[in-house]
Number of protein chains: 2
Amino acid sequence: MRRLQFVLVLVLATTIINAQKIMGFNEANAKSQLDWEKQYDAQLNAKNLDTWMQFLTSHPHHVGSPQGKANAEYMVNLFRSWGYQTEIAEYQVLFPTPKTRTLELLGAKPYKAKLEEPGLKEDKTSGQKSEQLPPYNAYSADGDVTAELVFVNRGIPADYEELERMGISVKGKIVIAKYGGSWRGIKPKVAYEHGAIGCLIYSDPADDGYSAGDVYPEGPYRPKDGVQRGSVMDMPVYPGDPLTPGIGATKDAKRLDRKDAITIMKIPVLPISYEDALPLLQSLGGAVVPAAWRGNLPITYHVGPSKDKVHLNLQFNWDLKPLYDVIAKLPGTELPDEWIIRGNHHDGWVNGAEDPISGMVAELEEARVVGEMVKKGFKLKRTLVYCAWDGEEPALLGSTEWAEDHQEELKKKAVAYINSDGNSRGFIGAGGSHTLEPFFNEIADAVIDPQTGVTIKERRYASNMVNADKAARAKMMGNKNIKLSALGAGSDWSGFLQFLGIASLNLGFGGEGNGGQYHSIYDSYDYFTRFIDPGFQYGVALSKTAGRTTMRLANADVLPIDFSSFQKTVADYVSELKTLADNMRAETETENRLINDKLYDLAKDPKKGVQSPKPKDVVPYLNFSDLENQMAELKTNAEEFQKLYANGTQLSPEKRKELNTVLFQVERALINEKGLPRRSWYKHQIYAPGFYTGYGVKTLPGIREGIEERHWKEAQDNIEIVAKTIEVYTNEVKQATSIVKPKAF
Amino acid sequence: MRRLQFVLVLVLATTIINAQKIMGFNEANAKSQLDWEKQYDAQLNAKNLDTWMQFLTSHPHHVGSPQGKANAEYMVNLFRSWGYQTEIAEYQVLFPTPKTRTLELLGAKPYKAKLEEPGLKEDKTSGQKSEQLPPYNAYSADGDVTAELVFVNRGIPADYEELERMGISVKGKIVIAKYGGSWRGIKPKVAYEHGAIGCLIYSDPADDGYSAGDVYPEGPYRPKDGVQRGSVMDMPVYPGDPLTPGIGATKDAKRLDRKDAITIMKIPVLPISYEDALPLLQSLGGAVVPAAWRGNLPITYHVGPSKDKVHLNLQFNWDLKPLYDVIAKLPGTELPDEWIIRGNHHDGWVNGAEDPISGMVAELEEARVVGEMVKKGFKLKRTLVYCAWDGEEPALLGSTEWAEDHQEELKKKAVAYINSDGNSRGFIGAGGSHTLEPFFNEIADAVIDPQTGVTIKERRYASNMVNADKAARAKMMGNKNIKLSALGAGSDWSGFLQFLGIASLNLGFGGEGNGGQYHSIYDSYDYFTRFIDPGFQYGVALSKTAGRTTMRLANADVLPIDFSSFQKTVADYVSELKTLADNMRAETETENRLINDKLYDLAKDPKKGVQSPKPKDVVPYLNFSDLENQMAELKTNAEEFQKLYANGTQLSPEKRKELNTVLFQVERALINEKGLPRRSWYKHQIYAPGFYTGYGVKTLPGIREGIEERHWKEAQDNIEIVAKTIEVYTNEVKQATSIVKPKAF
């Protein structure tokens, strides 16, 4: 019994001591920081989130709307009242809005699409018709086209390979694609590349509608006439104002002519509801679709073309519109030129409660409590910059223009960018720069899940384990580390991470507050508080998580950067790419053998007239050795630095400053000023959105897309480019090590 | 050049010599057999298949119908005209037909189910309303029940585990299940075990309807009011007449009282269309179903219970009905007491063109040409027995009663049973006793696919390769052997294989003539000739395949049995079972750890009230050593026999007869007279239908179901039983070897 008690005491003591440690803090500062975090948690108030959401979602607040401007002013006033230095950064951007939207099926059984979401008595803001942007895709081309319709499944390149085997061309046709399977802008882009002259995108109930659950207002899922608005600008080329790539869209900025803006879609594109899609899909003749293409409408899906023609007429206002970014600063007491930036957008497609206000109000509450604590004596070494971005929905406009506009200053001063973009109930989701992974895991260990009372890290682990397959379970068992996902596109980090090389994180809860009002008039306060996060419990949990992240970065003696975590992750990516090439080689070999042995010819149904696939060029062996050697060098150096990392807190303030500068500038080493192949705006060599997936991230994108698209020389060239990048990065690591290394005596 | 030519000549010569060899034939007999096969192919005539199908499907021909009797007489006359000794074997069996069928949803939005398939002008026999059996499930109980409805997905045991976690009980409720995922009779059986008082089964369009393709009469798929009739007798316990298990249902047979017939369902069961199912499913309240349970009706699926009650009233006529099995014999010239039995059923649920007449007419054409050839001098060593079974649809009645009735004679004389049951366009499918696998592959090498001109084996291989995943492709590459599937339930082999231990094969083409009129009034001549096998090309291909099989078995000098093929297959089963137990052990361990670590409690949505699973008992290590030792012994002996097999054709006629008797009696060694646990009728130790899957075969069923159902002692006991079975089998193999082994001198 005595022995056991002793062990227990020891465990308890160790726990207490551990609990006092925070990465990058000396012991005294850690204790003080944790004390302030306790006060911080205690002062967070869900009622504020509720109140602010009611105001911010009271009317549609898209770019250029009166409520959008009112919201910016409302927030500026709040920040100011909490002691922040505030400004509204204004930009002038191209933001098209619809003048004409017509879609009709001609012929014997004509149908005129409704293209409207009706107001509901159960949703008090849904009837604000005159203020709402109707369903449309921003940056669609103007166009008045009449043609036969073809169903292209998700509208990604693989779908067109399948269509080609069926002998179906979309040349001169209008295509109809299901939402999902790629970012929406990929669909018209690929359709255009294949010769289509118009594109419709609809939400199939299999993905987004009654199949998942009861539809609104009975349940949270997309009703028959609900439509997903959204941008179709070619953001994988560059985001932000199409007329001012690479520079801020200030009033007097030099602008491209609209016809030279390559990110504007070349054909008219329109999103429609599944109710409007049904008669169009029913008009399709031709072959029955492959099994994997089926949706859940009560019909047999055919690829087309349609017997009757479809008429699509879209005309837009192509005015410049003002953007209102809210910027609120709290200057650092010791290191005012090191900035921790925290942002969420404030514009919505319509009333936008979940997207984006649920994240915005969490950020506001963070800023409020930090401001209150500062008044009570809480000191922040570094400068905090709270941002409320405008124009995220059309094209990450506000964040991109601000980042472009302030690029020189940001390159010098920005330590990290912490993003959120809407929030829901459930499990923490986190993506970002892998140098920040151990740091973020400490945060996840410190925040308690409001529904279960365990840490958000424990709950995430439970969910991962329960939902994993056998192999993944075996791999994960006992390892609770939250692996940060890599960031592609989808929210406001792109300007910071991929254009400027600023370490970034994206945070949010989700998984339990599921629904289907994304980018619709029904994403409202009524919807959010009934179905998504009633009581704003997870709004407060996000405030706790992102607030800790911001405050710890602001106050760390030594910035909480872990090179080994970065190195291990990139090494995994390299090994993935080698496997990818090896698998493609083996599959190409097998596939070509099957083709040459005529097995496809023999296996196919002669009555169906589907063509056998064509042989593909063999996959060469790529030379990864330069990259692998650089990765090995990085490994040694990263490990050495991490061993000595704790020394950093003991350095003189000057040396610490020197060290910290290296630590936050290191992400800049991952930028190659020439950018990625065919899209020079994207300069980060580790993370980028996929050229043909959009949201979907491509890690080591120059190499990966070279392999995936079978551009072997490009892949090889990019291996060398990434190898050089890693070499430069490693030199930074060595520099950091030289600062923390005890001098030889 | 000369060298190359020489090699070519050699290859050519070898090919010619090989082409002349047939397993079990000496050289001269092989040559003669192949010559006759050429004549056989040449005389097969698709027009006959067409003519006979027109007659046989001209009216509904279910058990007890005038057309059923007329068909039997028609075929007896045909067989007789071709020179066969014919008889109609008559039995008296319990065959319930509906008197009352009522299904209605009560309450505020009442709905009375139509329960009818309308006649169509495009289908000339579909309007024969007065002669049709309406949609029903044979051997449902009588019952008049009113209760709330619960949706149970496929209605298999795993679904009830899921329902239990959701807190839903079916006690005192009527359940509605989707067709598919198990044999239909499993659904009411498991529902009854869980306390349900009624069961509805419907065809969801996701599985069987518009999702797969255009519906009848536009296309071949099931229309909104199409219904799948079918038996729900508990055939995994025993098939055949429920009143006469194990004996022939002759006029004077001793019969059970109906209440003691355990294979009759205990609750009322009714199959319905998806049109009738829709309002019932819409009436369900409660939780939304798990994603894997969703169908493709345009609704959100809920588990229930329904707000309003459902009223189901089913009353049946429980009369005995006559069965008419057609038996046509052609006595062997040398070995009249060795029988090769070839069968297909002739009864249909309604007009039954695809099921079963498409297979029946192929068999008739085989018999016709064989009869013609015999008249021209073709000699058959063994006796051919062509059968046309009645009453397969309700419960394999005709074949089972005949096999039970003639069990002693069959045990002595039956060499093999070759079954077919409907036929379609595409690829050869073959299942059966693994001693026959190399023999069957020789046949598949000799039959030419009518659409592509390659052998049916080449085409099967092409299809397998094209449709396989990466791992399966790698495993199969270059190996064109057609692996026989193991036989569970589903057609007329059960009485022969699983009750009597007679080596069996089941043959048929399919994969391209897909449709959805299974067990409906629309499975008609019009449907078949438009969509399934227009021109009867594959009907003729089936005649070629099954005809060769029958004729070679009839004429082989030494029966074409391969013990090594059997041994390898069973060794694979043993190794599967060890892996199954190991995987269950590992999964139970992981699952229990997740439960005990409260990961399920933490991962679940507290707002949904789903319960975490309960821990399961640990999986013990089973002792497979006795079985493995017996398998090793079998391997050695099987290999030795196969090395000496070719000697057999050189033996004296007496010795050959002795050898052949061992070779066809050997399958009897796999019978254990005590039968399987809880179902003594099934005596085969290697193949059985699954107790909870029905059609789905369970190989080494005593062991496998013991493991799957976590009856560890039963599993261990059955390992010993199978080990003993293999020991007896090996002794037979040794006996065969001793006959072909050159005597020591």
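Good morning. In the structure before us, 32 residues of chain B are in contact with 32 residues of chain A, where contact means that C-beta atoms, placed from the backbone, lie within 7 Å. This is a predicted model, in which local features need pLDDT of at least 70 and side-chain atom pairs count only at pLDDT 80 or more, while totals for chains, interfaces and linings use all residues. Residues are numbered from 1 along each chain as its sequence is written, and chains are lettered from A and ligands numbered from 1 in the order in which they are written.

Let me stay with the side of chain B that touches chain A. At least two residues each come from α13 (456–467), α14 (470–476), α18 (563–596) and α19 (599–603) of chain B. Helices here are DSSP runs of H or I with at least four residues, strands are runs of E with at least two, and both are numbered from the N terminus. The greatest share belongs to α13(B), with six residues. By class, this side holds 15 nonpolar, eight polar and nine charged residues; Ala, Val, Leu, Ile, Met, Phe, Trp, Tyr, Cys and Pro count as nonpolar, Asp, Glu, Lys and Arg as charged, and the others, Gly among them, as polar.

I turn next to a sheet in chain B. It is open, has seven strands in the order β1-β12-β14-β13-β15-β17-β16, and shows mixed pairing; two strands pair if DSSP finds at least two bridges between them. Which strands stand at the edges? They are β1 (85–94) and β16 (426–432) of chain B, each with a single partner strand, so one side of each has no neighbour in the sheet. On average, neighbouring strands are turned by 20° against each other, direction ignored. Angles run from 0 to 180 degrees between N-to-C directions, and axes are lines fitted to C-alpha atoms, for helices over the stretch in contact.

The edge strand β1(B) pairs with β12(B) (residues 320–330) in the antiparallel sense over 10 bridges, and Gln85(B) has Lys329(B) as its bridge partner. Two helices accompany this sheet. Helix α8(B) (residues 353–375) lies across β12, β13, β14 and β17 of chain B, at about 150° to β13(B). Helix α10(B) (residues 397–405) touches β1, β12, β13 and β14 of chain B, and its direction makes about 70° with that of β12(B).

Elsewhere in chain B is helix α6 (residues 186–193). Seven of its eight residues are buried, so the helix is largely enclosed by the rest of the structure. A residue is buried if 20 or more other C-beta atoms lie within 10 Å of its own, exposed if 12 or fewer, and partly exposed in between, with C-beta atoms placed from the backbone. The buried residues of α6(B), including Lys187(B) and Tyr192(B), pack against α5, β7, β8, β10 and β19 of chain B. Just after α6(B), Gly195(B) takes a positive phi of about 100°.

Finally, chain A. Strand β11(A) (residues 310–317) has a covered face of Val310(A), Leu312(A), Leu314(A) and Phe316(A), whereas His311(A), Asn313(A), Gln315(A) and Asn317(A) form the uncovered one. Eight bridges join β11(A) to the antiparallel strand β2(A) (residues 97–105), with Thr100(A) partnered by Gln315(A). Strand β5(A) (residues 143–147) also pairs with β11(A) in the antiparallel sense, over five bridges, and Gly143(A) has Leu314(A) as its bridge partner. Thank you.
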